[in-house]
Amino acid sequence: MKRLAWVALGCALLLTGCAVDQQQEVNLYRQILNSNVPPLPEPGPQDPLSLDTALALTNQNNEQLGLRGEDYVQALINKNRAVAAFLPTVSFQPNFTIEQRPSGNASSSTGPGGTGIGTGTTGGGTGTGSITSSGGFRNHGDVSTRFEAPVVGNINLFRGFSDLANLKSAEWVIEQRRQILLDAQNAVLLNAAQVYYQVLRSERQLEVLRNSLKVQEARVTDEEGRFKNGLSTRLAVAQTRAQADATRASVALAEGDVANGRSVLALIVGLPRVPNPLVDDFKVPDERPPEDQFEAAALANRQDLLAAKAQMEAARHAVDAAIGEYYPSVSLNVAGFLYREFYTDASKWNAILTANLPIFSAGIIEADVRNAWSRLRQAALFESQVRRQALNDVQLAYQNLLTSERRIKDLADAVAAADEALKQAQAALANNLAIVLDVLTAQDQLLNAQLQLTGAQFDRTIFYLNLLRATGELTQHAARKP
């Protein structure tokens, strides 16, 4: 019964560390994500869906951010492991030994199979006594048993500064994972914004096409009436019908684009569907800093670049940890026995101080050091690549933004000119100075100009969001704080 009590106590101590608060673990990375993009309530089916609400829903529901967040949690856990190297470990290690009872000369030996278990004499006889004092065993016929219940403690006193280097490396890995999480957040939110404005673009194009179709259908009706009155030709009627049919086909294609775009948007923001009207409420500033200021901001704030720098620092400390394997290590092991056979005669505790100095490791330590240096060189090369990529991304986004603004200005002039040309063609047709084909051509030119202007206006917003993403400042500007 006493033995069972000690075993039960050990099991109870083990079970106390099994409970983990899952929500608290998730909150470790959710608080990082929500600090940049606070949660917003989900809109009703008829409520407008603004860009900041779409970004907030994406930030809350996107599984990719959860995956990167779990990487961050695992880095925190690995730091706890590194800290544990400085702390003692204590464990309850009950053990029960049973072996064949030795006989003859083996009964006085001390090795396995001959642990000094005597025959155990009682009185003047030579019986199989049930108790002996040699080796702490109890004899039971042909077998001998021993039960011990020690509490064992162990601590590493010195390990060549490797533990300290591993701790510093773990801290930099945490920073790397944190920046990777923020970089993933920027990438996911930019993708959500691009899909959001693609849907807006498709809906605006659909609106323009539908308005044009109404005008063209009215033109077909008017032309058919003129033909019945002998004021038009069959060719003119056929031309107006062909133009209307082509526009109707474009309307059907645009409606499909809108439906597909909304399906993709629902997938990204984490909703079953998005029937809500979308609102273009993001304003691109007319005045902005020069390009070199955006480049400086990218070097200071870009999350993937900061992650690459942290990775390089972690690799640098990993080199120190590998070099530390050449140094001696010292550890202390202490055991206190809660129960032993013949407890009154046996030792109640023991302690062992162990030192280890590597003399020959068959090249393993050298390989570890070389590998650590190689990883450091890799990290430095990757940091250089990310730095150059960040600057290139800023330059491309900035130039695309400037190009889109010049294009918007030119397309606005083109729309105004096309509208005036259509009015002139309609007036000329009314005065029999033009044919129907002239009006249809003017209508087609106006429609194309309007569609291009609509696309360029949304392109400008996307290019500006790309510029914010390139500088690592998308979440600070694109998501409004409540």
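**Close-up 1. Asparagine 186, a buried residue with a relative accessible area of 0%.** The model shown is predicted. Asparagine 186 belongs to helix 5. Its side chain comes to 2.9 Å from the backbone oxygen of leucine 182. Beyond the neighbours within four places in sequence, asparagine 186 is in contact with six residues listed here: Gln303, Arg469, Gly472, Glu473, Leu474 and Thr475. Asparagine 186 counts as buried because its relative accessible area, 0%, falls under the 20% cut-off.

**Close-up 2. Phenylalanine 161 and a nonpolar surface patch.** Phenylalanine 161 sits in the loop between strand 7 (143-159) and helix 5 (162-228). Its relative accessible area is 55%, so phenylalanine 161 is exposed; the cut-off for that term is over 50%. Phenylalanine 161 helps to make a nonpolar surface patch of about 820 Å². The other contributors to this patch are Leu157, Phe158, Ile323, Tyr326, Tyr327, Leu353 and Trp373.

**Close-up 3. The start of helix 2.** Here aspartate 21 and glutamine 23 form the view. A side-chain oxygen of aspartate 21 lies within 3.3 Å of the backbone nitrogen of glutamine 23.

**Close-up 4. The kink in helix 2.** Helix 2 covers residues 22-36. Its kink is about 35° and is centred on leucine 28. Which residues of helix 2 are buried? They are Tyr29, Arg30, Ile32, Leu33 and Asn36.

How values were computed
Residues are numbered from 1 along each chain as its sequence is written. This is a predicted model: local features need pLDDT of at least 70, side-chain atom pairs count only at pLDDT 80 or more; totals for chains, interfaces and linings use all residues. Side-chain values use heavy atoms; hydrogens and water are left out. The bend at a residue is the angle between axes fitted to the seven residues ending there and the seven starting there. Helices (H or I, at least four residues) and strands (E, at least two) are DSSP runs, numbered from the N terminus. Buried means under 20% relative accessible area, exposed over 50%, partly exposed in between (1.4 Å probe, protein chains only). A polar contact is a pair of N or O atoms within 3.5 Å; within protein, one must be able to donate a hydrogen and the other to accept it, and residues adjacent in sequence count only if both atoms are side-chain atoms. Patches are made of residues with over 30% relative accessible area and no salt bridge: like charges are joined within 9 Å, nonpolar side chains (Val, Leu, Ile, Met, Phe, Trp, Tyr) within 5 Å. Accessible areas come from the Shrake-Rupley method with a 1.4 Å probe; for residues, only the protein chains shown count as cover. A salt bridge is a side-chain nitrogen of Lys or Arg within 4 Å of a carboxyl oxygen of Asp or Glu. Contact means heavy atoms within 4.5 Å.
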